[in-house]
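Q: Please take a close look at one part of the protein shown below. A connected account that sets this part in its surroundings would be appreciated.

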Amino acid sequence: MTMRQPLLSINHGTRQALDQGFQVGAIYTDFQKAFDKVNHNLLYFKLKNHDIDGNFLKWLFSYLSDHTQVV
């Protein structure tokens, strides 16, 4: 799927909603550097404090420690 297809879909849906008299709102986010800015040690302790542990926590930190994120 190209970048153009989702944009055309959003544009079409927005126009339909406006034509029918609905209000339309949008939130745009940029996750490009989101994973680079998270302190992994702090995240680990916060998750442990919320009783998230075991294999999931091991998997998550294995994934975060040896991978780069591309958006």
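What is the relative accessible area of Tyr63?

A: Tyr63 has a relative accessible area of 32% and is therefore partly exposed; buried means under 20% relative accessible area, exposed over 50%, and partly exposed the range in between, with a 1.4 Å probe and protein chains only. The model is predicted, so that local features require pLDDT of at least 70 and side-chain atom pairs pLDDT 80 or more, whereas totals for chains, interfaces and linings use all residues. Residues are numbered from 1 along each chain as its sequence is written, and side-chain values use heavy atoms, without hydrogens or water.

Tyr63 belongs to helix H3, which covers residues 55-65. The protein contains 3 helices and 0 strands, in the order α-α-α along the sequence. Helices (H or I, at least four residues) and strands (E, at least two) are DSSP runs numbered from the N terminus.

On the surface, Tyr63 joins Ile52, Phe56 and Trp59 in a nonpolar patch of about 400 Å². Patches consist of residues with over 30% relative accessible area and no salt bridge; like charges are joined within 9 Å, and nonpolar side chains (Val, Leu, Ile, Met, Phe, Trp, Tyr) within 5 Å. A salt bridge, in turn, is a side-chain nitrogen of Lys or Arg within 4 Å of a carboxyl oxygen of Asp or Glu. The areas come from the Shrake-Rupley method with a 1.4 Å probe, and for residues only the protein chains shown count as cover. Over the whole protein, the accessible surface comes to about 6900 Å², 56% of it belonging to carbon and sulfur atoms. Of the 71 residues, 8% count as buried.

Two other members of the patch also lie in H3. Phe56 and Trp59 are 3 residues apart in this helix and are thus separated by about one helical turn. Phe56 is partly exposed at 44% relative accessible area, and Trp59 is exposed at 52%.

The structure holds 3 aromatic pairs. Rings of Phe, Tyr and Trp (its six-membered ring) pair if their centres lie within 6.5 Å; planes under 30 degrees apart count as stacked, over 60 as edge-to-face and the rest as tilted. Tyr44 and Phe45 form an edge-to-face pair, because their planes stand at 85° with the ring centres 5.4 Å apart. Between the rings of Phe56 and Trp59 the centres are 6.1 Å apart and the planes lie at 35°, so this pair is tilted. Ring pairs also link Tyr44, Phe45 and Phe61 into a cluster. Within that cluster, Tyr44 is partly exposed at 30%, while Phe45 counts as exposed at 51%.

Phe61 is one of the buried residues of H3, together with Leu57, Leu60 and Leu64. These four span an arc of only 90° around the axis, which places them on the same side of H3; the arc is that of the directions from the helix axis to the C-beta atoms. Asn55, Lys58 and Trp59 are exposed on the other side of the helix. Leu64 has a relative accessible area of 10%. From Leu64 to His40 the C-alpha distance is 7.8 Å, although the two residues are 24 apart in sequence.

His40 brings the description to helix H2 (residues 40-49), whose N-terminal end is capped by Asn39: a side-chain oxygen of Asn39 lies 3.0 Å from the backbone nitrogen of Asn41. A polar contact is a pair of N or O atoms within 3.5 Å; within protein, one must be able to donate a hydrogen and the other to accept it, and residues adjacent in sequence count only if both atoms are side-chain atoms.

The loop between H2 and H3 contains Asp51, which is exposed at 68% relative accessible area. Most residues other than glycine have a negative phi. Asp51 instead takes a positive phi of about 60°, just after H2.
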